[in-house]
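User: I'm new to reading protein models and I'd like some help. Could we go through one together, feature by feature?

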Amino acid sequence: MTWLPGDVVVRREVWQGRPWLANPLYVVEDVDDVLVLYQPEGSPWGFGAGDDWPTPSGRHPYAGRTAWEGAGPLGLHRAGDPFAVWAYCSGPERSFLGWYVNIQAPFRRTAVGIDSLDLELDLLVSPALEVFLKDEAQVDASAILGRFSGETSAAIHRLGEELKGRIASGDRWWDDAWRDWAPTPDLLVAPTLEPGWESVPAADRRDLDLLRP
């Protein structure tokens, strides 16, 4: 399954076969093994039903928010990687703030878009390519709450340290030219989250492999 530029896909966070977060994004490019998605300001959030999710409140941490706020980030997703790389900008002039490496389950293509699961740990890469780990404590807290196992928690920490070293040494697969990308006017219109996004066909009702495709 390959999408065309301008297509709208739904990126879902899926835990134990149940979507608990959804957000419609625009396809910028879907070539070879890299999927590039854009999240415009105003792109709405959708939240899965129930209050039994693995968080202190039982709801997704974003619960209560209605839409993405601020300049839209651009996400680079490479098939099989347990992380995505987002270019963050500020203001209408899209001043580049840096790269945000989001550690997550390798994405799976679905009939409506892609499924993944955030694994809490992130890396911030400054424009000068300084690398910082973020939310280390959240990894262990989420494991205690049952979002993933203690074994997976340890593997996430190891992956974070590995990625930090690789990026700091210049091992970055993504094209730095994406930092200067700007959306065309049609991509600034927030897409709609269509009804039915919570539906998961029987063939897809299986857990994501958290660190492998």
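**Salt bridges, strands and pockets**

Analyst: Let's start with a charged pair: Arg78 forms a salt bridge with Asp81, and their closest N and O atoms are 2.8 Å apart. Keep in mind that this is a predicted model.

User: What can side chains of opposite charge do when their charged atoms come close?

Analyst: Side chains of opposite charge can pair in that situation. In this structure the count comes to ten salt bridges.

User: Back to that pair, then. Is Asp81 buried or exposed?

Analyst: The trick is to look at relative accessible area, where under 20% means buried and over 50% means exposed. Asp81 comes out at 11%, so it counts as buried. Its partner Arg78 has 22%, so Arg78 counts as partly exposed.

User: Okay, that makes sense. Which residue meets Lys134 in a salt bridge at 4.0 Å, N to O?

Analyst: That's Asp122. Lys134 sits in strand S11 (residues 131–134) and Asp122 in strand S10, so the pair ties together parts that are twelve residues apart in sequence. Try the accessibility reading again here: Asp122 is buried, with a relative accessible area of only 3%, whereas Lys134 is partly exposed at 29%.

User: And which side chain meets Lys134 in a salt bridge at 2.8 Å?

Analyst: Asp135 does, again going from N to O. Asp135 is partly exposed, with a relative accessible area of 27%. When salt bridges share partners, you can read them as a network, and here Asp122, Lys134 and Asp135 are joined into one.

User: Let's move to strands. How do S1 and strand S9 run, parallel or antiparallel?

Analyst: For paired strands, look at the bridges and then at the direction. S1 and S9 (residues 113–116) run parallel, and four bridges join them. You can spot one of these by finding Arg11, whose bridge partner in S9 is Ile114.

User: What about strand S8 and S9, are they parallel or antiparallel?

Analyst: Those two run antiparallel, with two bridges joining S8 (residues 108–109) to S9. Find Arg108 and you'll see that it stands opposite Asp115 in S9. The link between S8 and S9 is a hairpin that passes through three residues.

User: How many Å apart in space are Ser90 and Val112?

Analyst: Here you read two separations, one along the sequence and one through space. Ser90 and Val112 are 22 residues apart in sequence, and their C-alpha atoms are 29 Å apart. Ser90 itself is found in strand S6, and with a relative accessible area of 32% it is partly exposed. Leaving out residues up to four places away in sequence, Ser90 touches Ala71, Ser95 and Leu97.

User: Can we try that on a helix? Is Ala168 buried or exposed?

Analyst: Ala168, which is found in helix H2, is exposed, with a relative accessible area of 56%. As for separation, Ala168 and Asn23 are 145 residues apart in sequence and 31 Å apart in space, C-alpha to C-alpha.

User: Now the empty spaces. How many residues line the largest pocket?

Analyst: With a pocket, ask how much space it holds and what surrounds that space. The largest pocket holds about 770 Å³. Its lining has 33 residues, and His60, Tyr62, Tyr100, Asn102 and Asp118 lie nearest the centre. Strands S1, S2, S6, S7 and S10, along with helix H1, each give two or more residues to that lining. S2 gives the most, with five residues. By class, the lining of this pocket divides into 16 nonpolar, seven polar and ten charged residues.

User: And how many cavities of 30 Å³ or more are there?

Analyst: A cavity differs from a pocket in that the probe fits but cannot get out. The count here is one cavity of that size, with a volume of about 60 Å³. Among the residues lining this cavity are Phe83, Leu163, Arg166 and Trp174.

User: Which helix gives the most to the lining of the largest cavity?

Analyst: Helix H2 does, with three residues. S6 and H2 (150–168) each supply at least two. Sort the cavity lining by class and you get seven nonpolar, no polar and three charged residues.

Conventions: Residues numbered from 1 in each chain as written. Predicted model: local features only at pLDDT ≥ 70, side-chain atom pairs only at ≥ 80, totals over all residues. Heavy atoms only, no water. 1 Å grid on protein atoms, 1.4 Å probe; cavity = no way out; pocket = protein on both sides within 12 Å on 5 of 7 lines; lining within 4 Å. Points joined across faces, edges and corners; volume = space filled by probe spheres on them. Nonpolar A, V, L, I, M, F, W, Y, C, P; charged D, E, K, R; others polar. Buried < 20%, exposed > 50% of the residue type's maximum accessible area, 1.4 Å probe, protein only. Pairing = 2+ DSSP bridges. Contact = heavy atoms within 4.5 Å.
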